[in-house]
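Good morning, colleagues. I would like to take a few minutes to walk through one protein model with you. Please have the sequence and the structure in view.

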Amino acid sequence: MLFSDRSRTIYPNAPVHEVICQLRFPTILSINTVEPAAFQEAIREEFPRYACKQETPAPKVTGLGSATPRVEQPSPTANYHFLSADGMWKLNLTRDFIALSTLRYPGWEAFARQLDKPLAAFIQLYKPAYFQRVGLRYVNIVSRAKLGLDDTPWAELFAPAYLGPMAEADVAEERLIHCGCDLQLKLDSSCVAKIHAGPGRIQTKGANPQQDPEPKFIFDLDLSMGGNVSCTMAAAALETLHGHSTPIFEGAVTDRLRDAMRGL
């Protein structure tokens with residue numbers, strides 16, 4: 001099944017790898033042309049490290065179907081990075097969005113508190129008209145080795161809806177070169193879930209990237225709310241998205257995996 005009515009559980013061995021929250025707003029050009037010094041001062045205690053990267057969007061083709069189609073190169077976009085001292089938390093600000101991400105997820109309540117001050121400072125300083133999209137993404141990476149489940153097939157750890165051919169008794173897991181599940185579904189009148197699930201090998205980042213020899217199961221849950229969300233309702237929108245995450249995640253995992261995540 002896709003959804004579970006189990007109550008929210010805090011797992012000591014939760015497989016969450018990264019959590020990203022992003023709020024998109026109508027373009028504010030001043031963010032791209034003037035460094036956000038006042039914004040930095042408001043958040044510098046929690047995010048003391050700073051960097052700015054100029055990112056070039058992909059070219060756009062205009063006039064398709066006409067006699068004179070053109071390729072237009074959009075102007076570079078400034079992406080301001082504010083990092084915590086340990087580098088585990090990152091705040092991004094561009095002319096189109098503000099985002100918070102972490103590689104050390106402390107739980108929803110602590111994550112939401114970490115967002116409170118930057119979001120309030122952003123709203124006060126830049127006064128966005130509204131948020132066009134509010135997103136909350138959980139990237140879960142399950143390592144059987146870390147959970148003591150080395151010889152356990154994925155079919156015993158995840159629900160059949162996310163396994164595809166791996167759920168079939170006559171298909172050995174090791175015979176599958178690639179197998180994944182991708183879906184989008186409406187959760188209510190304004191919320192959508194985009195999910196990718198399936199095994200894969202993670203490639204490390206850096207100057208000499210290497211592929212992890214252990215296949216891991218990736219459960220990437222991207223929740224979003226569209227429409228014009230008022231600034232005063234942004235926190236409530238994120239709470240709504242977080243509320244949707246529990247039934248989906250609990251519906252995806254089996255009792256065998258729950259026990260391992262509990263450390264049993």
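**Helix α5 and the salt bridges**

Let me begin with helix α5, residues 255-262, whose buried residues are Leu257, Arg258, Ala260 and Met261. These residues lie on the same side of α5, because they cover an arc of only 165° around its axis. Their cover includes β8 (133-142) and α4 (234-252). Directly after α5 comes Gly263, with a positive phi of about 85°. I should state at once that this is a predicted model.

Let me now step back to the whole protein. Its secondary structure consists of five helices and eleven strands. Along the principal axes, the C-alpha atoms fill a box of roughly 60 × 55 × 45 Å. Of the 264 residues, 43% are buried. If we take the contacts between residues at least 6 apart in sequence, 67% of them join residues at least 24 apart. The exposed surface is about 14,500 Å², and carbon and sulfur atoms supply 52% of it.

I turn next to charge. The protein has 27 positive and 29 negative charges, and the mean positions of the two sets are 6 Å apart. Side chains of opposite charge can pair when their charged atoms come close. How many salt bridges does the structure hold? There are 15.

One of these joins the side chains of Arg8 and Glu109, at 2.8 Å from N to O. Arg8 belongs to the segment before β1 (16-24) and Glu109 to helix α3 (residues 108-126), so this pair ties together parts that are 101 residues apart in sequence. Arg8 is partly exposed, at 36% relative accessibility, and Glu109 is likewise partly exposed, at 40%.

A further salt bridge links Asp86 with Arg104, with 3.2 Å between the closest N and O atoms. Here Asp86 sits in the loop between β5 (77-83) and β6 (89-93), and Arg104 in the loop between β7 (97-102) and α3, so the parts tied together are 18 residues apart in sequence. Asp86 is partly exposed, with a relative accessible area of 44%.

In the salt bridge of Asp212 with Lys216, the closest N and O atoms are 2.4 Å apart. Is each partner buried or partly exposed? Asp212 is partly exposed at 24% relative accessibility, whereas Lys216 is buried at 8%. Elsewhere, salt bridges with shared partners join Arg6, Glu250, Asp255 and Arg258 into one network. Arg258 also appeared among the buried residues of α5.

How values were computed
Residues numbered from 1 in each chain as written. Predicted model: local features only at pLDDT ≥ 70, side-chain atom pairs only at ≥ 80, totals over all residues. Heavy atoms only, no water. Helix = DSSP H or I, 4+ residues; strand = E, 2+ residues; numbered from the N terminus. Buried < 20%, exposed > 50% of the residue type's maximum accessible area, 1.4 Å probe, protein only. Contact = heavy atoms within 4.5 Å. Areas by Shrake-Rupley, 256 points an atom, 1.4 Å probe, with all protein chains shown as cover. Lys, Arg positive; Asp, Glu negative; His and termini not counted. Charge placed at Lys NZ, Arg CZ, Asp CG, Glu CD. Arc of directions from axis to C-beta. Salt bridge = Lys/Arg side-chain N within 4 Å of Asp/Glu carboxyl O.
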